[in-house]
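Me: Please take a close look at a single helix of this model and what it packs against. After that, set it in the context of the whole chain.

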Amino acid sequence: MPAIDKLIARLYRATADVPAAKFRAWALEAVRSELPFDAAIWATGHHSTLKFHTKTCLDVDANILDDLLAWRDINPIGHYFFVDKMQAGANLDLSGLNSRFGQAVTMAELVSDEVFYKSPLYTRCFKPRSIERILSSLHLHERSGTFSLLSLYRFDRDHPFSDAEKALQQQLLFHLLESERHAFYLRLQSLQPQPGECFALTDSEGIYYQVDHGFLDLIQHYNPNAESQQLPKQLLTSDQKINGLTTKCVREGELWVVSARPTHRLDQLTEREWQVVDGVRSGKSFKTIAKELELSASTVSNHLYRIYRKLGINHRNELLQLCAERK
């Protein structure tokens, strides 16, 4: 198996063992084994802010990301991807953007060494960090508005990145993002997802950090007037059932894991009613259920009557069928 294929396989296998919070740093070290570099950054931002929300820096200080933003107006790599839209404070109009996203590019391709090494960008941002050669790629998720920047750095000016290395990074960017997404969804298994449930990771403003197409499809279907690249803030306040959509929020550090799924008829049951339903679908008698819940058998019977009324059903078999559909 070629070395690149082995590396890609390692990325996906590691999602089961490497903690999600440490996955980016681990993945960058894995990449370094096949594509040598001295330092690297892997950061994610959103078009509405043009700021980096998640930052992973390997052998370079995290302040470099602030400097990159401060000098973005004169950064040839920024202009390569964003053309004339990379202006301070400007929101990106994602329609009709160029097709350069996902490509890898070296600084030397965009500006001559003579010009670059005399520029304020080099002297203020890169030179103090001993960075001499730069290879960058940027991925844009149009529907969510998130973008991911991967930049590899070398400290030796006489060791530029080759065309073969550029092609390798371009190939790896897709697999880095996909393996990280897989790591995120493995982490979500602890939340015991329901059938049809999709997830997103957002901040307190609803800005997406991680999101899949299924989640965006649900939000768009049940909230057609909602901003497609930002979760409606009312869905972040608490667990809700709105317009046929059931959402749940779980705090994760400074972020929120938000789940969404179509509301099922069973979702309207109370916790006590669910306890009764669990007993019924387990084949237990009213007497046994009542003993376990410390209720009378007649109270259990009354609960079941109200459950049938809520669900619009008349028979135990109909209840069992609904439960089977929700599994």
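Reply: A helix here is a DSSP run of H or I that is at least four residues long, and helices are numbered from the N terminus. The model is a predicted one. The part chosen is helix 11, which covers residues 286–293.

Start with the inward side. I289, A290 and L293 are the buried residues of helix 11. Viewed down the helix axis, these buried residues fall within an arc of 100°, so they line one face of helix 11. On the other side of the helix, K287 and K291 are exposed. What does the buried side of helix 11 pack against? Its buried residues pack against helix 10, residues 271–281, and helix 12, residues 297–311.

Helix 10 has a buried set of its own: E273, W274, V276, V277, G279 and V280. Just after helix 10 comes G283, with a positive phi of about 80°.

The other end of helix 11 also has a residue with positive phi. E294 comes just after helix 11 and takes a value of about 60°. Unlike G283, E294 is a residue other than glycine. E294 sits in the loop between helix 11 and helix 12. Is E294 buried or exposed? Its relative accessible area is 73%, and the cut-off for an exposed residue is over 50%, so E294 counts as exposed.

E294 has a counterpart elsewhere in the chain. D59, in the loop between strand 2 and helix 3, is a residue other than glycine with a positive phi near 60°. Strand 2, residues 51–58, runs antiparallel to strand 1, and seven bridges join the two. One residue of this pairing is I41, whose bridge partner in strand 2 is C57. The two strands make a hairpin with four residues between them, and L50 in the turn has a positive phi of about 50°.

Strand 1, residues 39–46, also feeds the largest nonpolar core, so that core is taken next. In general, nonpolar side chains in soluble globular proteins tend to be buried together. Here the largest core has 29 residues, and I64, F116, F126 and Y153 touch the most other members. At least two residues of this core come from each of strand 1, helix 3 (63–70), helix 4 (76–82), helix 7 (120–126), strand 4 (133–141) and strand 5 (146–154). Helix 7 supplies the largest share, four residues. Within helix 7, F126 is a useful residue to follow. With its neighbours within four places in sequence left aside, F126 is in contact with I64, L68, M107, F116, L121, I131, I134 and Y153. Another core lies apart from this one; it has 27 residues, including A14, A40, A104 and L173.

The pairing around strand 10 gives a further view of the interior. Seven of the eight residues of strand 10, residues 255–262, are buried, so this strand is largely enclosed by the rest of the structure. Strand 6, residues 198–202, runs antiparallel to strand 10 and is joined to it by five bridges. In that pairing A200 stands opposite V258. Strand 9, residues 245–252, also pairs with strand 10 in the antiparallel sense, over eight bridges. In this case K248 stands opposite S259. Strand 9 and strand 10 form a hairpin with two residues between the strands, and G253 there takes a positive phi near 65°.

Now the whole chain. Helix 11 is one of 13 helices, and the chain also has 10 strands. Its radius of gyration is 26 Å, well over the 20 Å that the globule rule gives for 327 residues, so the chain is more spread out than a compact globule. The C-alpha trace spans about 90 × 45 × 30 Å along its principal axes. Buried residues make up 47% of the chain. Among contacts with a separation of 6 or more, 57% are between residues 24 or more positions apart. The chain exposes about 16,400 Å², and carbon and sulfur atoms supply 49% of that area.

To return to the helix asked about: I289, A290 and L293 are buried, K287 and K291 are exposed on the other side, and E294 follows just after with its positive phi.

Terms used
Residues numbered from 1 in each chain as written. Predicted model: local features only at pLDDT ≥ 70, side-chain atom pairs only at ≥ 80, totals over all residues. Heavy atoms only, no water. Buried < 20%, exposed > 50% of the residue type's maximum accessible area, 1.4 Å probe, protein only. Arc of directions from axis to C-beta. Contact = heavy atoms within 4.5 Å. Core = buried A, V, L, I, M, F, W, Y, C linked by side-chain atoms within 4.5 Å. Rg over C-alpha atoms; globule rule 2.2 N^0.38 Å. Areas by Shrake-Rupley, 256 points an atom, 1.4 Å probe, with all protein chains shown as cover. Pairing = 2+ DSSP bridges.
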